[in-house]
Amino acid sequence: MKFDVKYILGAAALLFSAGMNAQFYVGVQSGIANLQSDVTVARASHDVGGALKVGYVYPITKHIGIGAAAEYALYKQSVFLSSPSSTLSNFEVDQTGSAFVYSVNSVNYKEEQTLQAVQIPLFLQYKTNINKGVDFNFRAGVKYFLPINYKFESTANSVNGVGYYPDVNLTITNLPQFGFGTQTNYAASGEYETKGILVSTFELGFTFQVSPKKALYTAMFLDTGYGSILDPKQKESYVGYNPTSVSERKANGIYSTQKDASVKPVAFGLTVGLNFQ
């Protein structure tokens with residue numbers, strides 16, 4: 001997906017400078033935060049995530065307003081291999097410059113992933129009074145989702161790396177000084193390369209007037225990403241090849257095993273905030 005970020009950020013900046021009649025708000029949201037992936041060898045848990053937000057809504061008419069905000073979002077999840085006993089292979093090059101097939105098998109491999117992001121939403125709001133001091137609200141818009149970092153901690157009971165040289169039909173299973181063999185109690189940290197995407201956002205809820213200048217806002221929200229936040233440079237083994245040892249193998253991550261892997265944020269849950277007139 002191609003789009004010009006400067007137009008989105010420019011529109012947000014314009015809205016933030018719109019005037020003094022805006023309704024400002026601060027809030028938090030929490031719920032199921034999922035990083036949906038199309039990588040077939042991976043399965044992920046559904047953990048709780050959240051966001052902090054500050055923004056405002058500028059009224060256009062009695063019922064319609066346009067809003068903008070700045071948000072900090074946090075996603076966490078655990079990722080496992082779909083088949084714990086599966087062997088994944090990738091081409092590597094050894095210290096002599098010879099290409100070979102590097103096959104990795106692991107026991108109880110797991111990634112604890114943490115994604116931090118900045119979100120810049122632009123949205124339209126419809127509001128109508130349904131009772132004394134109670135308004136119905138509906139918001140729909142788009143967010144620019146910009147990952148700050150997407151890190152993970154990898155662990156496994158053991159990792160075994162095997163090399164196959166097709167030119168000479170040679171398989172090497174146990175040569176630790178050249179990176180082939182088994183490592184127990186594997187643990188390493190890694191980080192995925194990322195890029196910004198667009199996210200659709202919807203909120204449906206109510207505001208309750210608690211004072212002449214303040215109102216409590218509660219709503220259900222749904223955010224859905226379009227495109228992939230991953231920006232891989234090449235396909236890699238999820239546990240990297242170390243040409244001099246079976247230890248200190250780099251953690252490339254499960255999502256690195258697929259060159260065109262797609263990962264997008266999807267979240268739904270509850271938003272609670274305070275509106276200030």
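Here is a friendly exchange about how some features of this predicted model get their labels.

Me: Let's start with Asn90. Why is Asn90 called buried?

Reply: Its relative accessibility is 11%, and buried means under 20%, so Asn90 earns the label. Asn90 is found in strand β5, residues 87-93.

Me: What is Asn90 in contact with, leaving aside its neighbours within four places in sequence?

Reply: Contact means heavy atoms within 4.5 Å. Asn90 is in contact with Phe100, Val101 and Tyr102, and also with Lys235, Glu236 and Ser237.

Me: And Glu248: why is Glu248 called exposed?

Reply: Exposed means over 50% relative accessible area. Glu248 has 72%, so the label fits. You can find Glu248 in the loop between β12 and β13.

Me: What makes the phi of Glu248 worth a look?

Reply: Phi is near 55° there, a positive value in a residue other than glycine. Asn108 is also not a glycine, and has a positive phi of about 55°. Look for Asn108 in the loop between β6 and β7.

Me: On to the strands. How do you know that β1 and β13 pair?

Reply: Two strands pair if DSSP finds at least two bridges between them. Here 14 bridges join β1 (residues 23-37) to β13 (residues 263-276), so they count as a pair. The two strands run antiparallel. As an example to find on screen, the bridge partner of Gln36 in β13 is Lys264.

Me: What makes β12 a partner of β13 as well?

Reply: The same test does. β12 (residues 214-226) pairs with β13 over 11 bridges, in the antiparallel sense, and the cut-off is at least two. Therefore β12 and β13 pair too. For Leu216, the bridge partner in β13 is Leu274.

Me: Now the largest nonpolar core. Which of its residues touch the most other members?

Reply: Of its 41 residues, those are Tyr75, Tyr109, Phe145, Tyr150, Tyr186, Ile254 and Tyr255. Elements that give two or more residues to this core include β4 (64-81), β7 (110-131) and β10 (181-191). β8 gives the most, with 6 residues.

Me: What makes a residue such as Tyr109 or Ile254 a member of this core?

Reply: A core is a set of buried residues of listed kinds, Tyr and Ile among them, joined through side-chain atoms within 4.5 Å. Tyr109 and Ile254 are in the set, so both count as buried and joined in that way.

Me: What does Ile254 touch, not counting residues up to four places away in sequence?

Reply: Among them are Val39, Val41, Ala42, Val79, Phe80 and Leu81. Tyr109, Glu111, Tyr192 and Tyr238 are touched by Ile254 too.

Me: Which residues are closest to the centre of the largest pocket, and how much space lies in it?

Reply: About 250 Å³ of space lies in that pocket. Of its 15 lining residues, Glu191, Tyr192, Glu193, Glu236 and Ser256 are the closest to its centre.

Me: How do the lining residues of the largest pocket divide by class?

Reply: They divide into 5 nonpolar, 4 polar and 6 charged. Glu counts as charged, so Glu191, Glu193 and Glu236 fall in that class.

Me: And which residues lie nearest the centre of the second largest pocket?

Reply: Gln23, Val57, Pro59, Gln125 and Lys127 do, out of 13 lining residues. About 170 Å³ of space lies in this pocket. Its lining has 4 nonpolar, 7 polar and 2 charged residues, and β3 gives the most to it, with 3 residues.

Notes: Residues are numbered from 1 along each chain as its sequence is written. This is a predicted model: local features need pLDDT of at least 70, side-chain atom pairs count only at pLDDT 80 or more; totals for chains, interfaces and linings use all residues. Side-chain values use heavy atoms; hydrogens and water are left out. Helices (H or I, at least four residues) and strands (E, at least two) are DSSP runs, numbered from the N terminus. Buried means under 20% relative accessible area, exposed over 50%, partly exposed in between (1.4 Å probe, protein chains only). On a 1 Å grid over the protein atoms alone, a cavity is a set of points where a 1.4 Å probe fits but cannot get out, and a pocket is an open set with protein on both sides within 12 Å along at least five of seven lines; lining residues have an atom within 4 Å of a point. Grid points are joined across faces, edges and corners, and a volume is the space filled by probe spheres set on the points.
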